[in-house]
Amino acid sequence: MSKVILVTGAGRGLGTDIAREALAAGHQVVATGRRPADVEKTLGRPQGNLLVTKLDVTSLEDAQAAAQAAVDRFGRIDLLINNAGNLFTGYFEEISPEQMRRQFETNLFGPMNVTRAVLPIMRRQRAGHVITITSTAGLVGMEFTSAYAASKFAEEGWMESLRYDVEPYNIHTTIVEPGYFRTELLLDGSTTWPELSIDDYAPRTAPRIEGMKSMNGQQPGDPAKLARALLTIADQEKPLLRFVAGADAIEAAEAKAKELLAQAQASRELGGALAYDDAHA
């Protein structure tokens, strides 16, 4: 069944693959990006099933305008895919407070802005689906990713809770946690390196940056296959609440689940006896 799909960050990387696969599958696509000309360059000029419109996710006004443009053109929005994001990487002390705020503006408040603009439309329809791309870094903290992981952990908490807010209106939610895919996240423009420099970290910072740069284009995941998997989830009667995408992501999720269970069990004696007893009642 054809759907109206709004995709953020469609000018490059995974967003482009999602838009292309959705068009090939016969869906109507609202492809958005900060620079519509870049979106048109990758996807082609707007056509019957394709609407290209400007959307900087950090702007609520842009989000509202894009949602209205989608409704004006196609009459509804069935699926929102929050894909746009970026990566501020580095050791915590070397990431400036401004960089940390900018990371959250794009990766957390950005999808919140777009979802805030789209949900009234979906509630009126009493139908819809919000898919938000987080990351394995939304499950597992790793070295050199404190800003990115913090934004993705926050995004996961928001999405887990949003599920309960919108379920009564037949709106589904799915969190997608990709591992390493050959998107364009590690290219300049998507990745920002630390602004600050601290001598203690210097011997570790330079090799980390070079290692991440060399990884670009070598990631094992195929973004076109991921895009097709997202469309499969969107067609499910009861869509997955969480999609762990890629063998590396599944391995990391399983390891985190085992660690959490082990820590819960280790906390049982100390943490399980913290309620008031009768003497304090």
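Let me start with helix H4, residues 97–125, and helix H5, residues 146–166, whose axes in this predicted model come within 8 Å and cross at roughly 20°. Because angles under 35 degrees count as roughly parallel, H4 is roughly parallel to H5, and H4 passes H5 in a right-handed crossing. If you would like to find this contact in the structure above, look on the H4 side for residues including Met 100, Phe 104, Leu 108, Pro 111 and Leu 119, and on the H5 side for residues including Tyr 148, Lys 152, Glu 155, Trp 158 and Leu 162. Sorted by class, the contact of H4 with H5 has 13 nonpolar, 4 polar and 2 charged residues.

Now, H4 also meets helix H3, residues 60–74, and here the two axes come within 8 Å and cross at roughly 35°, with H3 passing H4 in a right-handed crossing. From H3 the residues are Leu 60, Ala 63, Gln 64, Ala 67 and Val 71, and they meet Asn 113, Val 114, Arg 116, Ala 117, Val 118 and Ile 121 in H4. This contact of H3 with H4 divides into 8 nonpolar residues, 2 polar and 1 charged.

Let me turn, finally, from helices to empty space. Rolling a probe the size of a water molecule over the atoms shows where such space is left. The second largest pocket has a volume of about 270 Å³, and of the 16 residues that line this pocket, Lys 3, Gly 128, His 129, His 172 and Ala 234 are the closest to its centre. What is the division of the lining residues into nonpolar, polar and charged? The lining of the second largest pocket has 5 nonpolar, 6 polar and 5 charged residues.

Technical notes. Residues numbered from 1 in each chain as written. Predicted model: local features only at pLDDT ≥ 70, side-chain atom pairs only at ≥ 80, totals over all residues. Heavy atoms only, no water. Axes fitted to C-alpha atoms, helices over the stretch in contact; angles between N-to-C directions. Helix = DSSP H or I, 4+ residues; strand = E, 2+ residues; numbered from the N terminus. Parallel < 35°, antiparallel > 145°, perpendicular 65-115°, else oblique. Left-handed = near helix turned anticlockwise from the far one by under 90°. Contact = heavy atoms within 4.5 Å. Nonpolar A, V, L, I, M, F, W, Y, C, P; charged D, E, K, R; others polar. 1 Å grid on protein atoms, 1.4 Å probe; cavity = no way out; pocket = protein on both sides within 12 Å on 5 of 7 lines; lining within 4 Å. Points joined across faces, edges and corners; volume = space filled by probe spheres on them.
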